[in-house]
Amino acid sequence: MRVVLTIAVLSMLVLSGCSSKPDDVAQRSQVDEMYQLAQGMIRSARFSDAANVLRSINTRYPFGPYAQQVQLDLIYVEYKTGNQDRALTVIDRFLSLNPNHADNDYVRYMRGLVHLQAEGSFFQDAFGIDRSDRNPVYAERAFDDFAELIQRHPDSPYAADARARMVGIQARLAQHELAAAEYYLRREAYMAAANRGIYIIDNFPNVVEVKRALEIMIESYDALGLTNQASDARRVLAANF
């Protein structure tokens, strides 16, 4: 009786396995179709539609045949549609689940781009209003992202662009410090203004904002009667500008 029972159970398992194969094929076909649809939308710059399809694949088939590629594509389309929070969530999840993936340099590069996108503002983009006084937290994060990319993947094809963007970010950070220095100067807080100038020179020596930083230092030191410091700043200004 036990032998008969065992054979019966094995027969059920085999039949169950055979019956699942058509389902697997159908699922694979459905995922293929959805993924190709999303790719067509991306090629047509229909990024919002592509994001919806890719999110659906990611939710319904998180371990499907395109799981990693879907997440990589989703990072891109979330960035293109300006959904920074969603993009960062996918990025963090991808790096956590795939610490040694061959495309992690791209993922880290995209994280820098997403943070740069978050740094932008509607008023700057639409009306060109200067908001250099605003907290540059996202610019700082983007700088760290690109620095991490270069450190971990020095030979990445994205490394050169990351370095160039880091120079631009330094200018943004220097502008923030310069706005603070101008604020202190207007309020005759001369030492605070001079210290901001020193910070710019020490941390961002290759940006054009250094010239104005030196001018603020000279004006501040003159107002404080610190002739030696003012003379040193004048020499540096004359030698470089």
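Helices here are DSSP runs of H or I with at least four residues, numbered from the N terminus. With that in hand, go to the end of α8 and pick Glu188: just after the helix, this residue takes a positive phi of about 60 degrees. Keep in mind throughout that you are looking at a predicted model.

**The whole chain**

Zoom out and colour by secondary structure. You should find 11 helices and 0 strands, so expect nothing but α from the N terminus on. Switch on the surface: about 14,200 Å² is accessible, and carbon and sulfur atoms own 53% of that. Of the 241 residues, 37% are buried. If you draw contacts with a separation of 6 or more, 55% of them join residues 24 or more positions apart.

**Along α8 and into α9**

Select residues 159–186. This is α8, with 28 residues and 41 Å from first C-alpha to last, close to the 40 Å expected at 1.5 Å a residue.

Now move on to 190–203, which is α9. Its 14 residues should span 20 Å at 1.5 Å a residue, and the end C-alpha atoms are indeed 20 Å apart. Show side chains for Tyr190, Ala193, Ala194, Gly197 and Ile200, the buried residues to look at in α9. Where do they sit around the axis? They cover an arc of only 115 degrees, which puts them on the same side of α9. As background, an α-helix has 3.6 residues a turn, so residues three or four places apart point the same way. Bring up the neighbours as well: the buried residues of α9 pack against α8 and against α10, at 209–224.

**Ring hunting**

Select the aromatic side chains next. The whole structure has 7 aromatic pairs. One of them is Tyr35 with Tyr66, a stacked pair at 4.4 Å centre to centre with 10 degrees between the planes. Tyr35 belongs to α1 (residues 2–43) and Tyr66 to the loop between α2 (47–60) and α3 (67–80), so this pair ties together parts 31 residues apart in sequence. Is Tyr35 buried or exposed? Its relative accessible area is 8%, so Tyr35 is buried.

Then centre on Tyr106 and Tyr158. Their ring centres are 5.7 Å apart and the planes meet at 50 degrees, so this pair is tilted. Here too, distant parts of the chain are linked: Tyr106 is in α5 (residues 104–119), while Tyr158 is in the loop between α7 (137–152) and α8, 52 residues apart. Tyr106 is buried at 16% relative accessible area, whereas Tyr158, at 26%, counts as partly exposed. Add Tyr109 and Phe146 to your selection, and you have a cluster linked by ring pairs.

**The core**

Phe146 is also a way into the largest nonpolar core, which has 62 residues. Phe146 is among those with the most contacts inside it, along with Leu54, Ile57, Val77, Ile91 and Val107. Which helix gives the largest share of this core? That is α8, with 10 residues. For a close-up, select Val107 and show what it touches: leaving out residues up to four places away in sequence, you get Leu72, Ile75, Ile91, Phe94 and Leu95.

**Last stop: Glu78**

Finish in α3, where Glu78 is found. Check its relative accessible area: at 1%, against a cut-off of under 20%, Glu78 is buried. Beyond residues up to four places away in sequence, Glu78 touches Ala51, Arg55, Asn83, Arg86 and Ala87.

Methods: Residues numbered from 1 in each chain as written. Predicted model: local features only at pLDDT ≥ 70, side-chain atom pairs only at ≥ 80, totals over all residues. Heavy atoms only, no water. Helix = DSSP H or I, 4+ residues; strand = E, 2+ residues; numbered from the N terminus. Buried < 20%, exposed > 50% of the residue type's maximum accessible area, 1.4 Å probe, protein only. Contact = heavy atoms within 4.5 Å. Areas by Shrake-Rupley, 256 points an atom, 1.4 Å probe, with all protein chains shown as cover. Expected span 1.5 Å × (residues − 1). Phe/Tyr/Trp six-rings, centres within 6.5 Å; stacked < 30°, edge-to-face > 60°. Arc of directions from axis to C-beta. Core = buried A, V, L, I, M, F, W, Y, C linked by side-chain atoms within 4.5 Å.
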